[in-house]
Structure formats: C-alpha cells, structure tokens
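Here is a short briefing for the bench. Keep the sequence and the model open while you read.

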Amino acid sequence: MDRNRSSVLEMKNISKEFYGNKVLKGINLLVREGEIHGIVGENGAGKSTLMNILFGMSVIHSTGGFEGSIEFLGKPVTISSPFDAMALGIGMVHQEFMLIPGYSVTENIKLNREITKDNFLSNIFGPGLRTLNWESMGQDAKRALSKLEMDIDEWAKIAGLPVGHMQFVEIARELDKQNIKLLVFDEPTAVLTESEADRLLSTLRKLAETGIAILFITHRLHEIMEVCERITVLRDGVQVATKSKSETTIEELARLMVGHTIESVGKRAVNLSERKTILRVRDLRVRMPGETVQKVDLDIKEGEIFGIGGLAGQGKIGIANGIMGLYDSSGSVEFDGDSIPLNNPREVLKRGLAFLSEDRRGVGLLLDMSVEMNIVAPAVEIHHKFLKDFGIFSFLDRTQIRAFAQEMIQRLDIRCLGPDQPVKRLSGGNQQKVCIAKALALEPKLLFVSEPTRGIDIGAKKRVLDTLVELNQKTGMTIVLTSSELAELRSICDRIAIISEGRVMGILAPDAEDAQFGLLMAGEYAVR
Amino acid sequence: MQYDNKKSQTTTILNSILKKIHSFGIPRIIIILFLLSLWISAAFLSIPFPALLSDTFVRLGMNTVLTLSMLPSILVGTSLFFGLPLGIICGLLGGVMSIELNLKGLTAFFAAIGFSIPLAILVGYGYGILLNRVKGSEMTVGTYVGFAFVSLMSFGWVTLPFKNPEMAWAIGKGIRVTVSLEGRFSNVLNKLWAFEIFGIKIPTGALVFLGILCLVMSLFLRTRTGLAMQECGMNPKFAKASGIDVDRMRILGTIISTILGAIGILTYAQGFGFLQLYEAPMYMGFIAAAAILIGGATLKTAKISHVIIGTFLFQGILVVALPVANTVATLGSLAEISRIIVSNGIILYALAQRGGNE
C-alpha cells in the first residue's frame, strides 16, 4: 500500500463507557486518502458506537463523552455534533434510508442545501423567502448521479423508486456536498440485490480513486475482501486486528470476528440420531418486520437443546415468533406428529408449545400486575387451571395461585418481596425467571426461548442458562434457544443452526470451529 | 461532604413525600380540598348539612352506574368510554318501551332494563367492531360516534311508532323531549327501604342496586374471561401471546360498558323522575369520565373503588356548589359552570398525563 498518501482520519485510543460498561477499549483507526477501509464485527461489537463517536452523536455526549482523540486531515478536531462532522467533510450513507418519499430525487439530494435566488419578497422579508433555483438544483443532482453512473430521472418521486435506487440517491446526496473527504457506508448492501450490490462496490472503488476515503461497514465478508485495502475487526469492543487484504483470508476474518473461547461445555453424551423428531418445520416464512424469515426447514429432536443463532435482522428471531403465531407466517409445522395451525397462538399453546419472548417487557410480562398473576395468567387462559368452580361460573382460585407462585419462587429462586409484588419492580434477571415460571405453568413439551439473557447482568445470565439446562435434563423438555450471543448458544446447545437472510445457512455442533460459525453468520456458504 | 449528605437526605425525604402526593393524585387532592372548603363555607352560610349529604347520596345512587360503565372499557384497553351516549340511548329506548307497555313501579324499571340489554348488546357489538378498526384513537372516534348517534336518534324519537299519550306530542308525531316517570318508575329505587338517620335520608334501594352491580362486576373480574379482559388492556401483546383473541375481548368489554350505560341511565332517570331524550345524552359521557378520573383512575387503569370515590366527590361538589353559589352571588348558572369546569378540566388533565410518568 502507498504509505505516502496523507491520512484523512485518525482515531487514537478511543474508549467509551456506558454506565460503567466498557463498550470500546482503545480503538485505533487510520484511514488514508483514497482508501477503502472495512470494519467488521458481530452485533454489539462496537461498530455503531465508534461511528456515533465519529459523528458526535448526542448519545455519546449525553453519556459522558469518550476517551481518546480524533485527528482529521492531520489536525486534532473536536466533533461535538453531526453538524461539526458535516462541516469537516464527513458524510454518512445510512442503512435505513433518510429520504422523504413524497419529494423528487433532486429535492432529496438538495434538501436543506437548496440553491436559491433573490426575488421581490425576499429582498423585503429576508432570505427565508428566496425562490428555489430548480434548474441549477436539477443540474447538481444530475451531476452527482452521473458520478455514480446511475441513470435515474432526477425529477422522479422517491416513493416510486426501487430500493436499490434509493440507496444510490442517498449516496448522491453525500457526493453533492462540497468538500466531502470521508464517506461512511453503514451496511449499504443489506437491502440491495446482488447486481445492485456489485454496482455499489464498483462505485465505491471509483469514489476512492477520486481521493475520497471510505469507511465500509458490513458483515458480508466477501464484499470486504473485494473492495477494501485494509480491514479492522472489532469484537466485544476490542480491536482484534487490522489487516491488509493481502495478509488475510475470509476464513481468518470470520474466525477473528467470532473468536469466542468456549466455556466449559458440559456436554452430555446425546445420540440425537436415535431420537424422534418432535418439531418438523418446512418452508416456514414469517413476515416479522426487521426479522423476516424467508424459507426455513428444521427438524428438532425430542429432548435436545437446539440453538438458533445469527446476526441481528437476519430472521433468527422471526422463527419462534412465527411458529407461536405472533407474526403472520406460512409453511407447515408438525409437532409430535400432528400438524399445527399457524397464526393461531391459542392452538399452539394448547398443543404444548410455549414461548419466552425476546421482548420481555413488551410481550412477556404484565408489568403492573403481581408476580403470581403473571405466572398463572396464560395457564388460566389456555388450560383453565387455577380456577374454582361454582356451577356455571368459575373464579380464580387465590389459594391455589398463591401456592403455585410460592413454589415457583422457591424453585427458580425469584428474588421478590412476595408473590403480590408488581413485576415491574423486579430486576431483569428476576423478571426473566417470572417468564420461565409462566412458561412452566403451561407444562410445555417444547419451549422456545428467545434472547433470555438480553439486558441481564452477568451473574443472573448464568443462573438463567443453568435453569434452562436443568429443565431440559430433569423434565426432558425440548428447548429451542434463540440468541445473538454465540458463546451462550455454544455453552448449552446440542446443535446450533445459523440463520442468515432468513434461511438456515447450516447446522453446526457447538464445538465446531470459530471460522465456520463466522462464515455462516456472514452468509458466505451453506455447510451440510 | 457532610453538608452534602444532609442535603441529599432532606432531598430524598422531600422526594418521597412528593412521590406519595403524586401517587395519590394531585387533582384528587385539589378536588377533596375544594369539596371540604365548599362544606365549610356551607356551614358558615348555615345551609343545612344533612340535606346536602342526603342529596349527595341520592346523586351517588343515580350516577354511579353511569360511572361504572367506564370501567370495562378502560380495563379492556379502549380507554374512556366516550361512546356512553350509545348505551344511554339503548337504556332510554328500554324505558320508553316499558312505558308504552303501560308497566308500573319496580316491574317497569326492571322491564326497561330487560328491554334495553339486547339493544345494548347489539349496539355495543357494532361499536366494538368499529373501535377495533381505530385502535389508538378510540376516545376521539368514540366522542364523535356518540354525537352522531345522538343526532341520528333525534330523528328516531320523532319517527318511532310509540303511541302512549304520556309520551307523545299532543300534536303531530313523535315522543316529547322529556317524558315524566311520575307513576311509572320515578324514585322506585330511591324509596325502596329508604330510611332517615340524623336527618340524612338514605336511598337504600338505589345504593343496594349499585352495590349489587359493583359486586357482580368485581366477581366478573375474577373469572377467566375477566382476567383475559384485563390482560388485553394492560398489554395486548402479552394477551395475544397467551392465546387470547384481543379483538374479541375488546368487543366484549365494549358490550359490557354499553349495557352498563343503559342500566345507568335508567337508574339515573328513576332518581331524576324524567327520561330526557333527543340531545340530552350528548355530554353525559364527559361527566362519567370525569367522575372516574377524579376517583383515581387513569386512561389505562381503573378499579371499582375509583368509581365510587370519584362519583361521590364529583357529585358532592355539584350538590354543595349550587346552594353556596346562590347565597354568595346570585349568578344562576354557577353550579352548571363549576360542573363544566371540573369535568372538562379533569379530562384535560388525564389526557395531558397520558404517556408521561410511566
């Protein structure tokens, strides 16, 4: 690489804490003129936080700022708001489009930077009333688009454009800004088709040739390898490596990205092939916003702990939500030999499936209600349990409810003031245990558990996972665990399916190599 | 440092006091103080206190069921039941039918309720379906549906083929604006088992009747369906994930509210002595809504105690305000003005609170 090119951005020793939780530890990043620099990492590795620091987002400054220094074009700078970043010549192409659908391409490109000319009214009342100079705005828009070699009508409305074109309009808007020195692309290819993505990559290269430095954030490793000169890998807030393209391979990047050391996998000698299939999923499609499932086939064996992993937004969360009937879905699901109806939560619960939602506070709990009522509510509804019969009417049986709640509080070690305490006063870990108790009240044969340790402190995490293993071992309950934390999946699951782009990329044993997990998560290829 | 510690201690104590006041509800405290000050000024103006209390009890008996109709609606998550005029009209139709059939006394009263319930179920069902289509703006839509239905029924009252001369206009067609219940079911509940203690007249029958309704409601909330209904209101996603058909529950809650509205207007009418038709039901929803909010309910949570406390406070103020105002200033409509200020003010407060303090 050409070491003589001057540096555009240098971030030195960047650290960031959120409420005592270190999310970035001593990151050093150097981007030179005309360089495409890749940043890869799992969800939560610190990519967004790093970019938020670069753009001076208020979320950084309202939580105590950051440590370290930033140099731009060789001079130390303080970036305390996105406006500062823009003034320096740093632009961002967002993953989600920041476009106004009802406006034309030109209007979007020139938004808030309109070209105006004086008129009679503006001479009297000031610049707010100047006339828009449509002609030169259109020319600017056309010029920016032609840099991208895009043949988009600059007067077309955004609303009617294909998704790929919207992405290019976003880029054109950044290009149209004068003095742009550094462009950040945050997962720009996530919504593009393959050919559009190819076009975007070639555009990136052309932009770099004009001297613009580019930071390219993605989890598609082959794209990184295709265009980037150097690649920085982040994992858990640590800069694991910065490598030149020539020094590394996709496999190495994948391994670096995942790279967890497995903690004592208390592996049980389970011969899964002898077990019968308890849940057979074929051709499952789930329309869950942000977690769409395209086509999933799974066979889950009786009594196993089956893991579902993958990056955020790839559809792993959608699987359990779809089968449980919470989001519109299609396909066929057979449980214990019977086919179960989709889009019907009641029937699914009746057949003996239960679900711990990833959205604990939003879906899993009645925050204002007591611990005991949270535990029994679904069982009352589904199995008519905890009721006292009085002829035609039956009322909730307070003593029975209290006794069951006490039993659960003891068994799961739920720390609360008593069964009548509202659940909103409990800590995250204890709320999760209330959710587990709620599921147990349903006496399920199969339990879906999604992100059970999200937002829970470390000690409680382990207890929640231990509880799941204990349930599985003592009662033989089949557990399907969906988690973003690969380490968590690998520590308790018998098999792990990795989901990417709404499909099963492959199913691995928990002790499979890091690189294999990394490749599947990046959607690189499917292993048998 | 020590000074700081002391300071932080006092602030925590202050904070906890403020929190307690807040959890009790600032508007409720203001209303209670207002009622107390009215009572004190009534004492100074030598307005007979027992008479005031008697009136308050009568009004409590008349209005509580209407307030109670807010409860299922809030619990099931469709917020304040501004569709109350729908229930009221069903009740009025029941009352009119009972007169048309020439019934008298308690029979007439319960027959009126009997006639109105099927109507209320029908209307509540339709209204519930409508509310399911406008989730999030139930209150606004409800208010206008109420207005529209009242106006529509103004035609209805003119055209419905009721023949009884007690109700019909002397000339032309249709029913009068107010129909006297004298000799029908005026005061049937108020006079039932009524007695006097320390000069305070207790309308036992009315209080027992609303007591029974409250009891039935609280028992209902302890059934499986009652619990399911509350789950829908507290967290519709939880309810859905527990296999509850949220839309069906919302319809059920709306039906129960509508039925209570119908029963409510009949209890109100028996105390008032008249059936008020045409435009009269228009603003009744606001009074009931204000009452339950004063009692401590919010747009999302409510208890039966809120219904009773709220109606007592709200009606208590109205009862005292009129004689006090008449003695202080000869401004005829002061009681009416204070009713409008209090009821609209408290609704405004509740709406402004929505979303905050959670």
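The points below are grouped by topic, from the chain interface to single residues.

This is a predicted model. Chain B and chain A bury about 2,000 Å² between them. A nonpolar patch lies on the surface of chain B, with helix 1 giving the most to it. There are zero disulfides over all chains.

**Interface between chain B and chain A**

- The size of an interface is often given as the accessible area lost when the parts come together.
- Here that area is about 2,000 Å², and carbon and sulfur atoms give 67% of it.
- On the chain B side, Arg224(B), Leu227(B) and Phe238(B) lose the most area to chain A. Together they account for 34% of what that side buries.
- In residue terms, 17 residues of chain B are in contact with 27 residues of chain A.
- How many salt bridges are there between chain B and chain A? The count is one.
- A salt bridge joins the side chains of Glu381(A) and Arg224(B), at 3.7 Å from N to O. Arg224(B) is also among the three chain B residues that lose the most area to chain A.

**Nonpolar patch on chain B**

- The patch is formed by Ile13(B), Leu14(B), Ile17(B), Leu18(B), Ile21(B), Ile26(B), Ile30(B) and Tyr349(B). Together they have about 720 Å² of accessible area.
- Two elements of chain B give two or more residues each: helix 1 (2-24) and helix 2 (26-44).
- Helix 1 of chain B gives five residues, the most of any element.
- Ile21(B) is one of the patch residues and sits in helix 1 of chain B. Its relative accessibility is 36%, so Ile21(B) counts as partly exposed.

**Helix 19 and helix 10 of chain A**

- Is helix 19 (residues 514-521) of chain A enclosed or open? Seven of its eight residues are buried, so helix 19 is largely enclosed by the rest of the structure.
- The buried residues are Asp514(A), Ala515(A), Phe517(A), Gly518(A), Leu519(A), Leu520(A) and Met521(A).
- They pack against helix 10 (250-258), helix 18 (486-492), strand 23 (495-500) and strand 24 (503-508) of chain A.
- Helix 10 of chain A has its own buried residues: Glu252(A), Leu253(A), Ala254(A), Leu256(A), Met257(A) and Val258(A).
- The partners of these helix 10 residues include helix 9 (221-227), strand 11 (230-235) and strand 12 (238-244) of chain A. Helix 18 and helix 19 of chain A are also among them.
- A glycine with positive phi follows each helix. Gly523(A) comes just after helix 19 of chain A, with phi of about 70 degrees. Gly259(A) follows helix 10 of chain A, with phi near 30 degrees.

**Buried residues and their contacts**

- Gly34(A) lies in the loop between strand 2 (21-32) and strand 3 (36-40) of chain A. Its relative accessible area is 12%, so Gly34(A) is buried.
- Gly34(A) and Glu209(A) are 175 residues apart along the chain, yet their C-alpha atoms are separated by 5.8 Å.
- Beyond four places in sequence, Gly34(A) is in contact with Arg5(A), Ala208(A), Gly211(A), Ile212(A), Ala213(A) and Glu229(A).
- Thr64(B) belongs to helix 3 (residues 49-68) of chain B. At 1% relative accessibility, Thr64(B) is buried.
- Leaving out residues up to four places away in sequence, Thr64(B) touches Leu210(B), Val307(B), Ile308(B) and Thr311(B).

**Cysteines**

- A disulfide is a covalent bond between the sulfur atoms of two cysteines. The structure holds zero of them.
- Cys228(A) is buried, at 1% relative accessible area. Cys90(B) is buried too, at 2%.

**Positive phi outside glycine**

- Most residues other than glycine have a negative phi.
- Glu443(A) has a positive phi, near 50 degrees. Its place is the loop between helix 16 (428-441) and strand 21 (446-450) of chain A. With 58% relative accessible area, Glu443(A) is exposed.
- Trp193(B) also has a positive phi, of about 55 degrees. Trp193(B) is in the loop between helix 8 (188-191) and strand 2 (195-197) of chain B. Its relative accessible area is 57%, which makes Trp193(B) exposed.

Methods: Residues numbered from 1 in each chain as written. Chains lettered and ligands numbered in written order. Predicted model: local features only at pLDDT ≥ 70, side-chain atom pairs only at ≥ 80, totals over all residues. Heavy atoms only, no water. Patch = residues over 30% accessible without salt bridge, like charges linked within 9 Å, V, L, I, M, F, W, Y side chains within 5 Å. Areas by Shrake-Rupley, 256 points an atom, 1.4 Å probe, with all protein chains shown as cover. Salt bridge = Lys/Arg side-chain N within 4 Å of Asp/Glu carboxyl O. Helix = DSSP H or I, 4+ residues; strand = E, 2+ residues; numbered from the N terminus. Buried < 20%, exposed > 50% of the residue type's maximum accessible area, 1.4 Å probe, protein only. Disulfide = S-S within 2.5 Å. Contact = heavy atoms within 4.5 Å. Buried area = accessible area lost by both parts, 1.4 Å probe.
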